[in-house]
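Here's a quick tour of the model below, with the cores up front and a couple of polar residues after that. Have the viewer open as you read.

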Amino acid sequence: MSAPSNRTVTEVSAGGLVISATNPNEVALISHRNRGGGMDWVIPKGHVEPGEALEQTAKREVEEETGLACEVVSKIGEIQYGFTVGKKRIKKTVHHYLLRHTGGELSANNDPTGEVVDVRWFDISEVGDVLAHATEKRIAEKAQRLLQ
């Protein structure tokens, strides 16, 4: 009997950087546990639900993970990467938006998955030093240019 072949699954997510309603130089980030058990600061994002537009997903996921209602200002860009879980190869595309805070309070208690450990406002100029992933750092740099 031959071993099962690896299969590739495509996943699409959306999320973004939320600009504070009171300070246009601040954006919200979330912290969660990485696979090694450490803490990583990342841009809030999540999977697209069936029938949901990318912008809707970005707003819903950001609200679920940060407690902040928001509106889309513009698309920042997208990143693509791949990883393996067991015998499954996952090819992922994440669409990132620049969002403006319109309501709600910053809180990690809204996340239905329990993955979010902390949420915090960061000055846009320090986000590149805080984010865990190089691809997200590039998204933050693009957002900073959009805000200038």
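## Ground rules

Helices (H or I, at least four residues) and strands (E, at least two) are DSSP runs, numbered from the N terminus. The model is predicted, so local features need pLDDT of at least 70 and side-chain atom pairs count only at pLDDT 80 or more, while totals for chains, interfaces and linings use all residues. Residues are numbered from 1 along each chain as its sequence is written, and side-chain values use heavy atoms, leaving out hydrogens and water.

## A buried glutamate

Glu61 is found in helix H1 (residues 54-66). Glu61 is buried, at a relative accessible area of 8% (buried means under 20%, with a 1.4 Å probe and protein chains only). Its side chain makes a polar contact with that of Arg60, at 2.9 Å (a pair of N or O atoms within 3.5 Å, one able to donate a hydrogen and the other to accept it; residues adjacent in sequence count only if both atoms are side-chain atoms).

## The cores

The largest nonpolar core (buried Ala, Val, Leu, Ile, Met, Phe, Trp, Tyr and Cys residues joined through side-chain atoms within 4.5 Å) has 17 residues, and Leu17, Leu29, Ile43, Ile76, Leu98, Val127 and Leu131 touch the most other members. Helix H3 (134-147) is one of the elements that supply at least two residues; H3 gives the most, with three.

Another core lies apart from it, with nine residues, including Val18 and Cys70.

## A buried serine

Ser13 sits in strand S1 and is buried, at 1% relative accessible area. A polar atom of its side chain lies 3.4 Å from the backbone oxygen of Gly46.

Methods:
Buried < 20%, exposed > 50% of the residue type's maximum accessible area, 1.4 Å probe, protein only.
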